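Please consider the model shown below with attention to its strand pairing, the helices that lie across the strands, and the pocket beside them.

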Amino acid sequence: MQTVTPQFLTTLTTSHSMTVSITAMYAGLVTVADLRIADGAVMVDRGSKIRRSLSLTISDPKLLPWAELDPLAVYGQTLVVTRGIRYAGGLEESVSLGTFRIDEPQGDVHFGPVTLTGKSSECHIIDDKFMAPKSTRGYGNCVDAIEALIRETLPDAIIVNATAGERNPACAVATWNANSDRWDAVQQIALAMQAEIYVDALDRFVIADLPDVLSSNVVWDIAEGEGGTLMSASRQMSRTAVYNAVVASGENTSSGAAPVSAVAYDNDPNSPTRWGGPFGRVPKFISSALWASQGACQSAADYALFDATARNVSTSISAVPNAALEAGDCLRVAYAGRKELFLAQSFTIPLTAEGAASLTLRGGKADTP
């Protein structure tokens with residue numbers, strides 16, 4: 001979650017005086033300082049390779065691009081989006097919602113409207129597939145390898161190691177073939193150091209620990225009733241994607257090492273998903289060329305087991321928009337006489353004053369004092 005004042009969160013429930021700023025840019029220069037829109041939203045999804053996406057509707061048909069250098073063309077043009085609040089005294093506070101490369105503008109040439117979509121900066125790395133086999137050989141540590149792969153595409157990229165202790169473990173030698181997805185390689189290296197990587201609202205590549213609903217700080221309380229921000233809620237429970245054992249295997253032909261593997265079991269006698277209990281036996285299989293030893297496989301299996309045994313409880317809510325949220329933030333929801341902790345799995349932030357935010361939450365752990 002981006003840093004905001006307590007007043008910002010309080011105003012979510014007491015005011016609808018919101019502001020949106022959209023700046024069109026090309027090659028580092030502003031082309032349209034304040035793009036006027038009819039509708040739009042920013043979607044944030046922790047389960048997607050491209051975490052942030054944008055959709056816009058623009059009434060003015062004159063903004064439909066015809067030439068390569070037009071502000072809303074698709075040759076590297078970007079949109080920088082912020083959303084905020086205007087206080088009674090005229091002061092404004094805003095937070096970034098992302099920087100988006102423009103994709104697929106279209107519209108009626110006479111009457112409009114112009115619609116377009118945009119993607120956060122993972123898309124540049126995804127597009128830049130390896131033109132020849134690529135190896136991590138020569139990069140002693142994981143973060144060093146991640147930085148090299150990203151900066152070959154975006155030399156000025158801001159890369160933040162936000163893991164606990166800014167850890168940077170040794171990186172095994174792995175090789176990807178020509179035409180392989182560069183972003184997949186980056187994500188595999190992040191996973192090998194037991195982390196995830198994504199582009200945040202400030203257009204930074206962030207390497208972060210996987211969020212844990214039990215240990216993360218609560219960044220936002222959502223409650224129903226007077227003064228609350230909750231509008232509606234629904235809940236679903238499923239066995240899908242719940243496992244009670246993880247088998248991790250590594251086969252690294254680049255290093256010449258023999259194949260290795262390890263298994264982690266849910267052996268907690270009090271766990272409803274314990275191995276051999278009423279839930280049954282449901283193993284999950286994961287693999288990486290970057291796990292070159294039995295110890296690396298065991299660490300990966302142990303790390304993945306926590307997420308694998310998490311209850312697949314999906315809670316969907318509608319609430320007053322909070323533009324400062326990041327996917328993976330921990331939220332406390334008070335509803336139906338209960339208080340539960342969730343991780344924000346995905347959400348949509350509208351870019352108009354009338355819209356509500358829709359959020360899909362994961363976790364559903366009871367909030368006990």
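Strands β11 (196–199) and β12 (residues 205–208) pair in the antiparallel sense over four bridges; two strands count as paired if DSSP finds at least two bridges between them. Helices (H or I, at least four residues) and strands (E, at least two) are DSSP runs, numbered from the N terminus. This is a predicted model, in which local features need pLDDT of at least 70, side-chain atom pairs count only at pLDDT 80 or more, and totals for chains, interfaces and linings use all residues. Residues are numbered from 1 along each chain as its sequence is written, and side-chain values use heavy atoms, with hydrogens and water left out.

Five residues separate the strands in the hairpin of β11 and β12, where D203 takes a positive phi near 65°. The bridge partner of Y198 in β12 is V206, and V206 is also the bridge partner of V160. β12 pairs with β9 in the parallel sense over three bridges. The result is an open sheet of three strands in the order β9-β12-β11, with mixed pairing. Its edge strands, β9 (159–161) and β11, each pair on one side only. From one strand to the next, the twist averages 20°.

In a regular strand, side chains alternate between the two faces of the sheet. Along β11, E196 and Y198 point one way, while I197 and V199 point the other way, and all are buried (under 20% relative accessible area, with exposed over 50% and partly exposed in between; 1.4 Å probe, protein chains only).

Two helices lie across these strands. Helix α3 (residues 142–151) lies across β9, β11 and β12 and runs at about 165° to β9. Helix α4 (residues 182–192) lies across β11 and β12, at about 135° to β11. Axes are lines fitted to C-alpha atoms, for helices over the stretch in contact (heavy atoms within 4.5 Å), and angles run from 0 to 180 degrees between N-to-C directions.

β11 also meets R51, which is found in the loop between β3 (39–45) and β4 (52–58). Not counting residues up to four places away in sequence, R51 touches residues including E196, Y198, V199 and E326. R51 is buried, because its relative accessible area is 3%.

Finally, α4, β11, β17 (283–287) and α5 (294–308) each supply at least two residues of the lining of the largest pocket. α4 gives the most, with six residues.
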